[in-house]
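Visitor: I am new to this structure and would like to learn how to read it. Could you walk me through it?

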Amino acid sequence: MRLHGEVSFDEDEEEVVMVPAAALSSPLNGGAVPVTKFVVGYALTKKKVKSFLQPKLLLLASPEDFCENRKKGISLVAIDDTRPLAEQGPFDIILHKITSKEWQQVLEDYHEEHPEVTVLDPPNAINHLNNRQSMLAEVSDLNLSSFYGEVCTPRQLVIMRDPSSIPTAVAMAGLTLPLVAKPLVVDGTSKSHELSLAYDEASLSMLDPPLVLQEFVNHGGILFKVYIIGETIQVVRRFSLPDVNTFDLLNNVGVYRFPRVSCAAASADHADLDPHISELPPRPLLEKLGKELRGRLGLRLFNIDMIRELGTKDRYYIIDINYFPGFGKMPGYEHIFTDFLLNLAQSKYKKCLSGG
């Protein structure tokens with residue numbers, strides 16, 4: 001596994017041969033017919049297309065990019081959602097981030113008929129992250145305590161309805177103020193990533209269910225975004241919510257609402273920070289965490305929002321997991337992602353030659 005995702009190109013490296021889906025089901029001439037186009041169909045929202053399919057990515061992926069030893073041969077094809085999926089393609093990979101149930105059913109039906117097509121990622125696995133009640137369940141079951149650090153999740157409570165019942169529910173659950181409130185459902189909209197911070201018991205009834213309440217953990221105002229693309233991991237620092245002290249609790253009342261935090265504009269990678277706060281989580285811990293979550297979630301494209309508890313060196317909390325996040329905000333994502341697709345192509349080709 002590689003961290004920080006640096007992709008190098010060896011001038012003497014042999015070019016990888018790729019085979020499209022149509023060729024995988026046809027006889028190969030002695031198992032060695034080279035085909036240089038690998039077809040990736042994508043079904044993305046307009047916003048996602050704009051942020052993800054940036055010019056450098058398209059240039060690196062393009063079959064017409066003949067820069068020495070950098071020819072990827074990846075053909076990115078938009079899927080037309082007004083036409084039956086079976087009439088489009090053939091595809092080697094379908095890359096998608098559309099949350100409607102109709103699309104999920106279309107994709108599941110298509111994959112049943114075309115199991116040779118790799119779907120990034122399976123809709124049933126993605127659904128696990130679309131609900132914050134189930135999102136962190138796999139993390140809670142992990143046992144990652146080691147000399148590299150401890151990974152856990154904040155104590156949380158799900159509120160489905162009736163805001164007036166929230167103060168009693170919080171008291172019965174034994175949660176400690178302040179509490180972070182997040183929408184229960186993650187549907188890809190900016191609203192589903194908005195946060196509220198409730199300082200006092202009386203303000204809890206001002207919240208709008210359905211939602212998840214998480215105990216706030218002081219973390220020096222720094223969040224680690226851990227991007228995972230296949231087996232590659234890259235970590236960036238982002239500014240987050242500021243710490244809350246006793247003075248804040250005594251002098252603040254009500255609910256403070258925040259737009260989406262930890263966006264690219266809030267990058268903390270080049271800020272002058274206390275090293276004890278800004279130090280990245282240990283690589284071995286991230287490798288183990290990434291491997292465990294890839295297996296448990298059944299996903300290859302996601303990111304983890306992680307914080308380190310203030311005053312500790314090795315106690316980490318995972319507070320969110322997102323499918324197919326804003327990779328366009330990740331430095332060098334173009335090389336990382338095309339390399340990931342290329343590795344999938346190579347694995348598929350080898351499997352074809354071996355008769356698997």
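Guide: We will go through confidence, then two sheets and the helices beside them, and then one more helix.

Visitor: Where should I begin, and what is the average pLDDT of the chain?

Guide: Begin with how far to trust the picture, for this is a predicted model. The chain has an average pLDDT of 84, and 84% of the residues reach at least 70.

Visitor: Over which residues does pLDDT stay under 50?

Guide: One such stretch is residues 1-35, where the model nevertheless has 73 contacts beyond four places in sequence. Another is residues 65-70, with 14 contacts of that kind.

Visitor: Now to the sheets. In what order do the strands of the parallel sheet lie?

Guide: Reading a sheet starts with the order of its strands and the sense of their pairing. Here four strands form an open sheet in the order S3-S2-S4-S5, and the pairing is parallel. At the edges are strand S3 (74-78) and S5, each with a single partner strand, so one side of each has no neighbour in the sheet. From one strand to the next, the twist averages 25°.

Visitor: How many bridges join S4 and S5?

Guide: Three bridges link S4 and S5, in the parallel sense. To find the place on screen, look for Leu-95, which stands opposite Leu-120 in S5.

Visitor: Which helix lies across S2, S4 and S5?

Guide: That is H4, running at about 165° to S4. Helix H4 covers residues 101-113, 13 residues in total, and spans 19 Å from its first C-alpha to its last, close to the 18 Å expected at 1.5 Å a residue.

Visitor: Which residues of H4 are buried?

Guide: For a helix, list the buried residues and then look down the axis. In H4 the buried ones are Trp-103, Gln-104, Leu-107 and Tyr-110. They take up an arc of only 130° around the axis, which puts them on the same side of H4. Lys-101, Glu-102, Glu-112 and Glu-113 are exposed on the other side of H4.

Visitor: What do the buried residues of H4 pack against?

Guide: Their neighbours are strand S2 (38-44), strand S4 (93-97), strand S5 (118-120) and helix H5 (123-126).

Visitor: And the other sheet: what is the order of its five strands?

Guide: The order is S7-S10-S8-S9-S13 in an open sheet, with antiparallel pairing. Strand S7 (156-159) and strand S13 (255-258) are the edge strands, and each pairs on one side only. The twist in this sheet averages 25° from one strand to the next.

Visitor: How many bridges does S7 share with S10?

Guide: S7 pairs with strand S10 (residues 211-215) over four bridges, in the antiparallel sense. Two positions help you follow the pairing: Val-158 is opposite Val-212 in S10, and Leu-211 in S10 is the bridge partner of Ile-159.

Visitor: How do I tell the two faces of a strand apart?

Guide: Side chains in a regular strand alternate between the two faces of the sheet. In S7, Leu-157 and Ile-159 make up the covered face, while Gln-156 and Val-158 make up the uncovered one.

Visitor: Which strands does helix H8 touch?

Guide: Helix H8 (residues 166-173) packs on the sheet and touches S7, strand S8 (179-183) and S10, with its direction at about 150° to that of S7. The buried residues of H8 are Ile-166, Pro-167 and Val-170. Viewed down the axis of H8, these fall within an arc of 100°, so they line one face of the helix. Their cover includes S7, S8 and S10. After H8 comes Gly-174, with a positive phi near 75°.

Visitor: Let me try the last helix. How many residues does H11 have?

Guide: Helix H11 (residues 283-297) has 15 residues and reaches 21 Å between its first and last C-alpha, close to the 21 Å expected at 1.5 Å a residue. Its buried residues are Leu-285, Leu-286, Leu-289, Gly-290, Leu-293, Arg-294 and Leu-297. Down the axis of H11 they fall within an arc of 155°, so they line one face of the helix. Lys-291 and Gly-295 are exposed on the other side of H11.

Visitor: What comes just after H11?

Guide: Gly-298, which takes a positive phi of about 70°.

Notes: Residues numbered from 1 in each chain as written. Predicted model: local features only at pLDDT ≥ 70, side-chain atom pairs only at ≥ 80, totals over all residues. Heavy atoms only, no water. Pairing = 2+ DSSP bridges. Axes fitted to C-alpha atoms, helices over the stretch in contact; angles between N-to-C directions. Contact = heavy atoms within 4.5 Å. Buried < 20%, exposed > 50% of the residue type's maximum accessible area, 1.4 Å probe, protein only. Arc of directions from axis to C-beta. pLDDT = per-residue confidence, 0-100. Expected span 1.5 Å × (residues − 1).
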